[in-house]
Amino acid sequence: MTSTLPNDNIRNFDDQITNKLISEIIRDRIKNSGTRFSANDNIADFINPGEFEILEREVASRVKDLLKSLIIDVENDHNTQETAERVSKMYLNEVFKGRYHPQPKVTSFPNDKNLDEIYTVGPISVRSACSHHLVPILGECWIGIKPGNKVIGLSKFARVADWVFSRPHIQEEAVMILADEIEKLCEPKGLGIIVKAQHYCMKWRGVKEPNTSMINSVVRGDFRHDLSLKQEFFELVKQQSATNNY
Ligand SMILES: [Zn+2]
């Protein structure tokens with residue numbers, strides 16, 4: 001076994017000399033690996049231990065610059081003195097945590113009893129933000145499963161959905177990404193997802209239509225090929241929505 005300095009250490013050492021920002025270091029690392037880093041991608045694998053706190057400070061300093069450009073007196077206005085730090089923490093640890101934090105641990109179990117009846121889980125809260133304006137998208141989601149060889153606990157669907165939605169998104173892509181993650185976790189024979197959400201870029205700004213919502217769905221596997229199964233899924237969701245008064 002030869003003893004060599006890991007590449008990352010060499011790169012970190014070079015970075016210290018060139019005084020790069022932590023965001024530049026992480027971005028270079030992602031680019032060198034050829035990975036995409038769009039707003040709705042997770043980049044947790046590229047953030048090394050100890051770098052997250054530095055990133056929080058960098059984002060806070062950028063938000064402070066934004067407030068200054070908006071000509072807000074961050075030195076003397078006691079309401080905004082710590083806004084930059086709050087916004088940084090909110091982006092990195094709460095509303096966009098699905099970009100910077102790894103996927104919650106989900107254990108799957110073998111489907112020993114060969115369950116093959118479909119079931120739906122919902123409503124699950126949708127808390128997201130639009131990639132175009134970074135304002136909230138709030139709504140609900142229903143997931144329908146026809147089990148395959150693996151099963152996961154019901155609460156895990158909500159945890160994975162929260163992780164996926166907590167990124168800047170457009171709703172159509174959010175649903176596809178959630179479907180991909182659920183397929184990876186439990187390899188269902190059939191999968192259906194419906195999202196109904198209100199977009200604050202329509203309520204708070206723009207056309208200011210407070211009651212407009214967007215509904216979209218994705219169906220995969222047996223839900224796609226078997227029309228009666230697809231109908232059963234939509235019927236179950238309708239019943240769940242009715243009992244929840246939504
Ligand atoms: Zn928007």
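This is a conversation about how to read the helices, strands and backbone details of a predicted model.

Colleague: Before we look at any geometry, what does the pLDDT average for the protein, and how many of the residues score at least 70?

Modeller: Good place to begin, since this is a predicted model. The protein averages a pLDDT of 92, and 91% of the residues score at least 70.

Colleague: Where does pLDDT stay under 50?

Modeller: Where pLDDT is low, the predicted coordinates should not be read in detail. Here that applies to residues 1-6, where pLDDT stays under 50 and the model has one contact beyond four places in sequence.

Colleague: Fine, on to the sheet. In what order do the strands come?

Modeller: The open sheet has five strands, and reading across it gives β5-β2-β3-β6-β7, with mixed pairing. β5 (168-169) and β7 (213-221) are the edge strands; each has a single partner strand, so one side of each lacks a neighbour in the sheet.

Colleague: Which pairs run antiparallel, and how many bridges join β2 to β3?

Modeller: Let's take the pairs one by one. β2 and β3 are antiparallel and joined by nine bridges; to find the register, look at Ile124, whose bridge partner in β3 is Cys141. These two strands form a hairpin with five residues between them, and Leu134 in the turn has a positive phi of about 60°. β6 (residues 190-199) also pairs with β7 in the antiparallel sense, over nine bridges, and there Ala197 stands opposite Met214 of β7.

Colleague: And in which sense do β2 and β5 pair, parallel or antiparallel?

Modeller: Parallel, over two bridges. You can locate that pairing at Cys130, which is opposite His169 in β5.

Colleague: If I follow one of these strands, what should I expect of the side chains?

Modeller: As a general idea, side chains in a regular strand alternate between the two faces of the sheet. As for what lies across the strands here, helix α6 (residues 154-165) lies across β2 (119-130) and β3 (136-146), and runs at about 20° to β2.

Colleague: What does α6 meet in α7?

Modeller: Start with the axes: those of α6 and helix α7 (residues 171-186) come within 10 Å and cross at roughly 140°. That angle makes α6 oblique to α7, and the crossing is right-handed. Val160, Ala161, Val164 and Phe165 of α6 meet Ala174, Ile177, Leu178, Glu181, Ile182 and Leu185 of α7. By class, this contact has nine nonpolar residues, no polar ones and one charged.

Colleague: Now the earlier helices. At what angle do α3 and α4 pack?

Modeller: Helix α3 (residues 51-69) packs on helix α4 (residues 83-95) at about 125°, with the axes 8 Å apart. The two are therefore oblique to each other, and their crossing is right-handed. From α3, the residues in contact are Leu55, Glu56, Val59, Ala60, Val63, Lys64 and Leu67; from α4, they are Thr83, Ala84, Glu85, Val87, Ser88, Lys89, Tyr91 and Leu92. This contact has nine nonpolar, two polar and four charged residues.

Colleague: Which residues of α2 meet α3?

Modeller: Geometry comes before contacts again. Helix α2 (residues 22-33) and α3 pack at an angle of about 125°, and their axes are 9 Å apart, so α2 and α3 are oblique to each other. Ile22, Ser23 and Ile26 in α2 meet Glu51, Ile54, Leu55 and Glu58 in α3. Sorted by class, the contact has four nonpolar, one polar and two charged residues. Notice Leu55, which is listed in the contact of α3 with α2 and also in the contact with α4.

Colleague: Last topic, the backbone torsions. Which peptide bond is cis?

Modeller: The one from Gly122 to Pro123, with omega near -5°. Pro123 has its place in strand β2.

Colleague: And where does Asn114 lie?

Modeller: In the loop between β1 (109-110) and β2. Its torsion deserves a look in your viewer: Asn114 has a positive phi of about 55° although it is not a glycine.

Conventions:
Residues are numbered from 1 along each chain as its sequence is written. This is a predicted model: local features need pLDDT of at least 70, side-chain atom pairs count only at pLDDT 80 or more; totals for chains, interfaces and linings use all residues. Axes are lines fitted to C-alpha atoms, for helices over the stretch in contact, and angles run from 0 to 180 degrees between N-to-C directions. Helices (H or I, at least four residues) and strands (E, at least two) are DSSP runs, numbered from the N terminus. Angles under 35 degrees count as roughly parallel, over 145 as roughly antiparallel, 65 to 115 as roughly perpendicular and the rest as oblique. A crossing is left-handed if the near helix is turned anticlockwise from the far one by less than a right angle, and right-handed if clockwise. Two residues are in contact if their C-beta atoms, placed from the backbone, lie within 7 Å. Ala, Val, Leu, Ile, Met, Phe, Trp, Tyr, Cys and Pro count as nonpolar, Asp, Glu, Lys and Arg as charged, and the others, Gly among them, as polar. Two strands pair if DSSP finds at least two bridges between them. pLDDT is the predictor's confidence in each residue, from 0 to 100.
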